[in-house]
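Me: I am new to this structure and would like to go through it step by step. Could we begin with the contacts between charged side chains?

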Amino acid sequence: MPTEHPALESHNDELALLGLMQLVSPSLPIGAFAFSQGLESAFELDWVRDETSLAEWLSGVLEDGLTRCELPVLARLHHVFSQGGSEAGRETIAEWDAWLAATRETAELAAEDSRLGTSLKRLLNSLDLMPSEDSLPPLLPAQAGYVTLFAYTAHTRGVCVRQTLLGFAWAWLENQLAVACKALPLGHTAAQRVIERLRPALVTAVDQALTLDDDELGPVLPGLALASALHETQYSRLFRS
């Protein structure tokens with residue numbers, strides 16, 4: 001069986017990497033910068049006050065949130081997308097998309113996932129990267145959330161599963177640090193120190209996420225849920241609720 005020419009394979013890998021960089025770029029026009037995921041409220045409550053407490057907060061959200069929720073579901077969605085558009089596959093995609101929506105414990109968190117998903121879908125349509133609207137039944141749920149659209153985009157870009165998860169985790173970390181730099185007295189050098197501290201944790205999170213069974217999934221973030229709920233009525237806010 002013929003194999004792909006090494007030069008072509010390298011070219012495809014590089015295109016996939018560039019596609020991932022585009023997808024996780026802070027300049028991607030989907031509005032991720034507008035949300036803090038409860039972090040702004042954590043500042044107000046003095047739960048997070050400096051570089052050390054910020055790193056601890058983010059480590060906890062990564063370990064008990066992304067590792068148990070978004071990252072393993074991303075891997076499952078990516079796998080289903082790679083299998084083609086079977087009826088069973090469409091149903092599985094819809095089920096995981098609904099499961100993710102059910103894990104959003106506040107209106108703010110639900111709105112973020114929904115609005116980013118809508119914005120990413122609009123962008124993909126403008127780039128002619130969405131499946132045909134004539135396909136019946138449709139490959140994606142009509143109101144697919146951000147994680148589902150992220151998995152679909154990474155798949156269409158040829159990004160492998162592991163890099164998809166790393167890219168998603170990296171985008172989350174960069175966005176959270178951008179929030180901290182805007183709403184907390186945190187300099188950009190301090191933010192880079194937090195990145196250096198958490199880079200190994202991102203790899204560990206992906207390692208763990210890829211080993212979890214379905215019945216082990218589900219975020220355990222009561223503090224984040226409380227912070228997000230309080231943010232909805234916080235008097236002074238920079239970020240959306």
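Reply: Certainly. A salt bridge is counted when a side-chain nitrogen of Lys or Arg lies within 4 Å of a carboxyl oxygen of Asp or Glu. Please keep in mind that this is a predicted model.

Me: How many salt bridges does that rule give?

Reply: The count comes to seven salt bridges. One of them joins R193 to E51, with 2.8 Å between the closest N and O atoms.

Me: Which helices do R193 and E51 belong to?

Reply: R193 lies in helix α9 (residues 188-209) and E51 in helix α3, so this pair ties together parts that are 142 residues apart in sequence.

Me: And are those two buried or exposed?

Reply: Each falls in between. R193 is partly exposed, with a relative accessible area of 45%, and E51 is also partly exposed, at 25%.

Me: What does R162 pair with?

Reply: R162 meets D207 in a salt bridge, 2.6 Å from N to O. This pair links distant parts of the chain, as R162 is in helix α8 and D207 in helix α9, 45 residues apart. R162 is partly exposed at 32% relative accessibility, and D207 is partly exposed at 36%.

Me: Which salt bridge has both of its residues in helix α9?

Reply: E196 forms a salt bridge with R199, and their closest N and O atoms are 3.2 Å apart. Both residues lie in helix α9, three residues apart, which is about one turn of the helix. E196 is partly exposed at 48% relative accessibility, while R199 is partly exposed at 42%.

Me: Which residues are linked in a network?

Reply: E70, R104 and D113 are linked in a network of salt bridges.

Me: Changing topic: what is the volume of the largest pocket?

Reply: The largest pocket has a volume of about 710 Å³. It is lined by 35 residues, and the closest to its centre are Q37, E112, L116, W172 and N175.

Me: Which helix gives the largest share of that lining?

Reply: Helix α8 does, with eight residues. At least two lining residues come from each of α1 (6-24), α6, α7 and α8 (161-183).

Me: How does the lining divide by residue type?

Reply: The lining of the largest pocket has 22 nonpolar, six polar and seven charged residues.

Me: What about the outside? Which residues make a nonpolar surface patch?

Reply: L15, L17, L18 and M21 make a nonpolar surface patch of about 380 Å². Among them, M21 lies in helix α1 and counts as partly exposed at 47% relative accessibility.

Me: Now the backbone. Which residues have a positive phi although they are not glycine?

Reply: Two can be named here: D46, with a phi of about 65°, and D128, with a phi of about 60°.

Me: Where are they located?

Reply: D46 lies in the loop between α2 (39-44) and α3 (51-64). D128 is found in the loop between α6 (107-126) and α7 (146-156).

Me: Is either one buried, or are they exposed?

Reply: D46 is partly exposed, with a relative accessible area of 42%. D128 is exposed, because its relative accessible area is 69% and the cut-off for exposed is over 50%.

Me: One last item: how far apart are T92 and D215?

Reply: They are 123 residues apart in sequence and 16 Å apart in space, C-alpha to C-alpha. T92 lies in helix α5 (residues 87-102) and is partly exposed at 25% relative accessibility.

Conventions: Residues numbered from 1 in each chain as written. Predicted model: local features only at pLDDT ≥ 70, side-chain atom pairs only at ≥ 80, totals over all residues. Heavy atoms only, no water. Helix = DSSP H or I, 4+ residues; strand = E, 2+ residues; numbered from the N terminus. Buried < 20%, exposed > 50% of the residue type's maximum accessible area, 1.4 Å probe, protein only. 1 Å grid on protein atoms, 1.4 Å probe; cavity = no way out; pocket = protein on both sides within 12 Å on 5 of 7 lines; lining within 4 Å. Points joined across faces, edges and corners; volume = space filled by probe spheres on them. Nonpolar A, V, L, I, M, F, W, Y, C, P; charged D, E, K, R; others polar. Patch = residues over 30% accessible without salt bridge, like charges linked within 9 Å, V, L, I, M, F, W, Y side chains within 5 Å. Areas by Shrake-Rupley, 256 points an atom, 1.4 Å probe, with all protein chains shown as cover.
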